[in-house]
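Trainee: I should like to learn how to read salt bridges in a structural model. May we work through an example together?

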Amino acid sequence: MAERAETISRFVTNSTPFVLGLFGVILLALPVRLAEGLIPMPILPLVMIYFWTLYEPEKLPASLVFVLGLLQDALGGGPFGLWSTVYLLVQFGVVSQRGYFLGRDTKVVWLGFAIVAVAAGVVVWLVLSLIARGLLPLTGISLQILVTICVYPVLGAGFGNIRRTVLLDY
């Protein structure tokens with residue numbers, strides 16, 4: 001019986017990053033209005049993918065990142081595959097620079113996230129502009145990226161607490 005409980009506990013522990021990603025995708029799709037709609041909802045899955053790829057990459061494989069992106073496209077009504085591609089590019093970029101960021105000051109990790117978030121926003125804007133056959137206004141995606149960058153320290157600290165209390169026990 002103890003072996004079964006440990007198996008279940010390990011499954012829950014290993015699925016934590018994906019479940020948090022699902023929660024972020026669903027929350028992003030909900031019609032939540034921050035500050036009466038003046039502040040756009042941050043791109044929570046982007047924060048989650050960056051953090052977990054940096055600190056626990058084996059718990060968030062590319063296949064699950066792809067699923068999160070497809071789900072975001074499906075719930076958000078965007079072009080199918082856009083967010084999957086963006087999230088996989090983010091994951092690839094983070095994995096390639098992981099050695100640099102591990103052990104660095106939190107501000108350096110935040111700056112890395114800011115660079116990744118801006119790059120992701122530019123890719124999304126360019127693809128949507130190509131689909132629209134004209135340059136879309138930058139204000140919406142720029143503000144959303146700015147809000148996403150601003151919430152990273154809070155969410156990163158929360159994910160860090162989850163990582164320390166839930167994941168590092170195994």
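The dialogue below turns to salt bridges and burial.

Mentor: This is a predicted model, in which local features need pLDDT of at least 70, side-chain atom pairs count only at pLDDT 80 or more, and totals for chains, interfaces and linings use all residues. Residues are numbered from 1 along each chain as its sequence is written, and side-chain values use heavy atoms, with hydrogens and water left out.

Trainee: How many salt bridges does a search of the whole structure find?

Mentor: A salt bridge is a side-chain nitrogen of Lys or Arg within 4 Å of a carboxyl oxygen of Asp or Glu. The search of the whole structure finds 3.

Trainee: Which side chains meet in them?

Mentor: Glu56 pairs with Lys59 at 3.6 Å, N to O. Glu56 also meets Arg163, at 2.8 Å, N to O. That pair links distant parts of the chain, for Glu56 is in the loop between helix 2 and helix 3 while Arg163 is in helix 6, 107 residues apart (helices are DSSP runs of H or I, at least four residues, numbered from the N terminus). Lys59 and Glu58 form a salt bridge too, at 3.7 Å, N to O. Through shared partners, Glu56, Glu58, Lys59 and Arg163 are joined into one network.

Trainee: Why does Glu56 count as buried?

Mentor: Buried means under 20% relative accessible area, exposed over 50%, and partly exposed in between, with a 1.4 Å probe and protein chains only. Glu56 counts as buried because its relative accessibility is 6%. Lys59 is likewise buried, at 12%. Arg163, at 21%, counts as partly exposed, whereas Glu58 is exposed, at 54%.

Methods
Helix = DSSP H or I, 4+ residues; strand = E, 2+ residues; numbered from the N terminus.
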